Amino acid sequence: MKKIEAVIKPFKLDEVREALSEMGISGLTVTEVKGFGRQKGHTELYRGAEYVVDFLPKVKIEIVVATEQVDAAIEAIIKAARTGKIGDGKIFVMPVEQVVRIRTGETNEAAI
């Protein structure tokens, strides 16, 4: 099993969720986050004063999938989240040792 974390632009969330749903991934966790990469933020004008916005709003999606689903899930996220502009985001893949569904006690693949 693998955990996939994707940091994407907020307006792409629905498209990514639909793409993952189409491939049978039903559960995901979404967190509103702020950050920057190569984008390095931007400057804005507010009441005549210019200021730098260092941290840009993003959305982090977390899913756990069977190892054989990882490549398909990554492709679905890329296809749905890509705009072709800087700041599209990143995808991180990590191993998951164990999953337990609290309600039933099911473990690993049965608990996903």
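In this predicted model, a good place to start is glutamate 5, whose side chain makes a polar contact with the side chain of lysine 3 at 3.2 Å. Glutamate 5 belongs to strand S1. With a relative accessible area of 14%, and with buried meaning under 20%, glutamate 5 therefore counts as buried. Leaving aside residues up to four places away in sequence, glutamate 5 touches Lys60, Ile61, Glu62, Lys90, Ile91, Phe92 and Met94.

Let's move on to the nonpolar core. In soluble globular proteins, nonpolar side chains tend to be buried together. The largest nonpolar core here has 18 residues, and the members touching the most others are Ile4, Ile8, Val16, Leu20 and Ile63. The elements below each give two or more residues to this core.

| Element | Residue range |
|---|---|
| strand S1 | 2–8 |
| helix H1 | 13–22 |
| strand S5 | 56–65 |
| helix H2 | 70–81 |

H2 supplies the largest share, 7 residues. Leucine 20 is worth a closer look: not counting residues up to four places away in sequence, leucine 20 touches Ile25, Leu28, Ile63, Ala73, Ala76 and Ile77.

Now for the two helices. How do H1 and H2 cross? Their axes come within 8 Å and cross at roughly 150 degrees. Angles over 145 degrees count as roughly antiparallel, so that is the arrangement of H1 and H2. Their crossing is right-handed. On the H1 side, the contact is made by Glu15, Val16, Ala19 and Leu20, while H2 brings Ala73, Ala76, Ile77, Ala80 and Ala81.

Definitions and conventions. Residues numbered from 1 in each chain as written. Predicted model: local features only at pLDDT ≥ 70, side-chain atom pairs only at ≥ 80, totals over all residues. Heavy atoms only, no water. Core = buried A, V, L, I, M, F, W, Y, C linked by side-chain atoms within 4.5 Å. Buried < 20%, exposed > 50% of the residue type's maximum accessible area, 1.4 Å probe, protein only. Helix = DSSP H or I, 4+ residues; strand = E, 2+ residues; numbered from the N terminus. Contact = heavy atoms within 4.5 Å. Polar contact = N/O pair within 3.5 Å; in protein donor to acceptor, adjacent residues only side chain to side chain. Axes fitted to C-alpha atoms, helices over the stretch in contact; angles between N-to-C directions. Parallel < 35°, antiparallel > 145°, perpendicular 65-115°, else oblique. Left-handed = near helix turned anticlockwise from the far one by under 90°.
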